[in-house]
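Below are my notes on the model, set out as numbered points. Please read them with the structure open.

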Number of protein chains: 2
Amino acid sequence: MINKKQLLSERPKGMPNESTWSFVEETLAPLKEGEILVEQSHVSLDPAMRGWMNDSRSYIPPVGIGEVMRAGSVGKVIETKGDTKFKVGDYVSGWGGVQQYYVGDGNGFVKVDPNWADITKYLGVLGMPGMTAYFGILEVGEIKTGDVVLVSGGAGAVGSVVGQIAKIKGCRVIGIAGGPEKCAHMTEELGFDGAIDYKNENVISGIKQHCPEGIDVYFDNVGGDILDAALIFIRKNARIVICGAISQYNNKTAVQGPKNYMSLLVNRGSMKGMVVLDYVPKYSDAMKQMSQWMAEGKLKAKEDVYEGIENFRDTFYRLFNGDKMGKLVLKIKP
Amino acid sequence: MINKKQLLSERPKGMPNESTWSFVEETLAPLKEGEILVEQSHVSLDPAMRGWMNDSRSYIPPVGIGEVMRAGSVGKVIETKGDTKFKVGDYVSGWGGVQQYYVGDGNGFVKVDPNWADITKYLGVLGMPGMTAYFGILEVGEIKTGDVVLVSGGAGAVGSVVGQIAKIKGCRVIGIAGGPEKCAHMTEELGFDGAIDYKNENVISGIKQHCPEGIDVYFDNVGGDILDAALIFIRKNARIVICGAISQYNNKTAVQGPKNYMSLLVNRGSMKGMVVLDYVPKYSDAMKQMSQWMAEGKLKAKEDVYEGIENFRDTFYRLFNGDKMGKLVLKIKP
């Protein structure tokens with residue numbers, strides 16, 4: 001059987017390009033004892049992937065040169081050998097990488113139920129982005145009723161869930177996103193109280209207008225100038241959740257540090273980083289809660305699905321040029 | 001009676017200069033009902049004063065143009081009128097400003113005991129800097145036995161106390177300061193485990209050498225490149241206490257934001273600001289504890305006293321050029 005896959009062929013400086021990945025075909029070897037073969041249906045595209053490509057100390061080792069590009073995935077077990085964690089016919093989600101077939105011991109995979117939710121939901125709201133949103137806003141952001149919550153990347157996979165959870169918890173929520181379509185999505189479909197279009201508005205004026213009393217929690221997915229704008233408006237004891245800095249991931253020069261960070265002192269604020277992998281033991285509880293909210297119509301999740309594993313690079317660009325709505329997913333076979 | 005005083009005459013851009021303050025003499029009016037007259041012996045010089053001169057939103061209003069320069073002070077009540085908070089002969093500490101005599105209702109002043117400690121100690125280890133150190137390292141830094149604690153401005157009024165408290169609590173303490181004399185002071189007199197001389201050493205190499213396993217708590221008094229160096233070496237769940245950013249206070253351009261702040265994400269670290277005024281209700285407990293440590297010889301405090309209220313500006317510069325050791329104090333009369 002032939003396996004098509006995207007290998008990391010060199011570490012990009014700045015934005016990945018044609019030399020970053022190589023698309024190869026390989027004949028699969030027969031399974032070894034204890035291995036499973038997963039036919040992958042979808043892979044997840046997440047901003048964090050850019051960080052995994054850098055050869056620097058981080059929360060997980062970088063993807064090695066010549067290795068399959070790391071990615072979350074969902075698929076179906078079609079073959080097993082010997083004593084295995086899953087059986088043929090199981091649907092599973094895990095770190096299958098950007099390839100058609102995963103072969104291995106299934107370590108890090110979990111069984112998912114395609115009847116319970118669309119399988120792509122396990123890459124989005126019930127997967128890493130959803131878990132990031134859930135634990136980030138509740139445990140790191142420590143939101144409480146009446147808080148003013150600002151979230152950047154508010155129409156994205158993480159931000160859209162952050163804002164909706166904050167609404168469920170009785171907060172006032174303002175989202176920042178690029179373009180009128182995303183802004184309308186936040187206020188009209190997701191129920192946010194306000195939206196700031198960073199591509200067409202001055203973000204500082206926007207925050208001033210929407211948050212006249214200041215911000216209690218800022219959930220940051222983007223870094224850069226928007227983080228600095230938020231810092232201007234934090235209230236006493238505000239919490240800033242550092243979830244990502246998508247504006248900085250493809251920098252060729254140094255990251256832009258938040259020049260307004262001394263606002264943390266004046267306002268006794270905190271800025272705290274998070275890595276979702278720390279919450280794995282609590283995922284099942286969170287998934288249960290999120291599913292309930294979805295069933296009740298309080299939580300909506302949208303996937304933006306593109307097709308063809310050969311189109312991985314072009315799809316990847318959408319993470320950074322903003323040309324997607326909600327969770328970006330690649331369907332392996334058209 | 002003549003009162004000599006330093007008024008803020010214009011808001012400096014960058015470092016204060018000859019036009020920043022005006023030194024004036026004024027005849028004191030007779031006391032009004034409820035007022036006290038304090039003959040001030042010493043005023044405190046603290047980096048925070050630079051912030052109070054800027055016309056920007058902060059934790060206290062800026063000093064007004066034409067007003068006496070705000071400063072902590074100690075002195076003796078020499079006259080009162082009517083029903084007053086203090087009586088003649090009382091030694092008091094409060095916000096007397098940079099002047100010979102304070103006249104007012106004594107709001108914000110506390111009685112101090114010159115037999116209990118040298119009166120200048122109430123501007124240092126038993127005053128604002130000491131309280132900042134105490135609550136900053138214990139309540140914001142949340143140190144515990146075995147933590148590796150890095151402190152910048154380690155030979156200064158706040159940093160020297162931070163490091164000694166961390167030692168008392170069983171931490172490993174590395175101080176950063178400028179010049180061999182200050183470094184020797186930290187390791188030989190204050191008992192720090194190591195010292196990094198930022199004027200003569202590469203700080204990144206220094207931290208690497210002294211903290212091979214990384215840093216649990218970084219107490220930041222300076223900001224700039226040293227904050228960025230510390231961020232490189234934080235361990236999982238590290239706390240960064242933002243107490244000040246002396247390297248940035250006289251900037252004419254934008255503050256240098258910490259470009260390595262994404263290390264907070266990777267290491268699940270937090271960066272938290274503090275303002276000592278929040279802890280006023282707990283000052284007396286802290287002073288009692290600090291006095292006990294001093295009596296036991298575990299806590300040493302050094303004041304660097306200069307003389308003459310007319311020399312205020314030249315003395316003020318020492319805060320920023322590093323030409324002082326320990327708490328900077330100005331004795332009003334030579």
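1. In β9(B), which residue is the bridge partner of Ser152(B)? The partner is Ile176(B). This, like everything below, is read from a predicted model.

2. The pairing of β8(B), residues 148–152, with β9(B), residues 172–177, is parallel and runs over five bridges. Between these strands comes helix α3 of chain B, residues 159–168, and β8(B), α3(B) and β9(B) together form a right-handed β-α-β unit.

3. β8(B) also pairs with β11(B), residues 215–220, again in the parallel sense, through three bridges. Here Val151(B) has Phe219(B) as its bridge partner in β11(B).

4. Is β8(B) mostly covered or mostly open? The strand is mostly covered, with five of its five residues buried. Burial applies to both faces: Val148(B), Leu150(B) and Ser152(B) lie on one side, and Val149(B) and Val151(B) on the other.

5. Helix α5(B), residues 203–210, has Gly206(B), Ile207(B) and His210(B) among its buried positions. Viewed down the helix axis, the buried residues of α5(B) fall within an arc of 95°, so they line one face of the helix. As background, an α-helix has 3.6 residues a turn, so residues three or four places apart point the same way. The elements against which the buried residues of α5(B) pack are β8, β9, β10 (194–197) and α6 (224–232) of chain B.

6. The largest nonpolar core has 197 residues. Those with the most contacts inside this core are Val149, Ile215 and Ala230, each listed for chain A and for chain B. Val149(B) is thus worth viewing together with point 4, where it appears as a buried residue of β8(B).

7. What does Ile215(A) touch, leaving aside its neighbours within four places in sequence? Its contacts are Val148(A), Leu150(A), Ala230(A), Phe233(A), Ile234(A), Arg235(A) and Ala238(A). One of these, Ala230(A), is also listed with Ile215(A) among the residues with the most contacts inside the largest nonpolar core.

8. On the relation between the chains, a rotation of 180° with 0.0 Å of shift along its axis superposes chain B on chain A, at an RMSD of 0.0 Å. The two copies are thus related as by a two-fold rotation axis. Of the residues of chain B, Gly257(B) comes closest to that axis, its C-alpha being at 2.1 Å.

9. The interface follows the same pattern: 100% of the interface residues of chain B are also interface residues in chain A, so the copies meet through the same surface.

How values were computed: Residues numbered from 1 in each chain as written. Chains lettered and ligands numbered in written order. Predicted model: local features only at pLDDT ≥ 70, side-chain atom pairs only at ≥ 80, totals over all residues. Buried ≥ 20, exposed ≤ 12 C-beta atoms within 10 Å, placed from the backbone. Helix = DSSP H or I, 4+ residues; strand = E, 2+ residues; numbered from the N terminus. Pairing = 2+ DSSP bridges. Right-handed = clockwise from strand over helix to strand, strands pointing away. Arc of directions from axis to C-beta. Contact = placed C-beta atoms within 7 Å. Least-squares fit on C-alpha atoms with pLDDT ≥ 70 in both. Core = buried A, V, L, I, M, F, W, Y, C linked by C-beta atoms within 7 Å.
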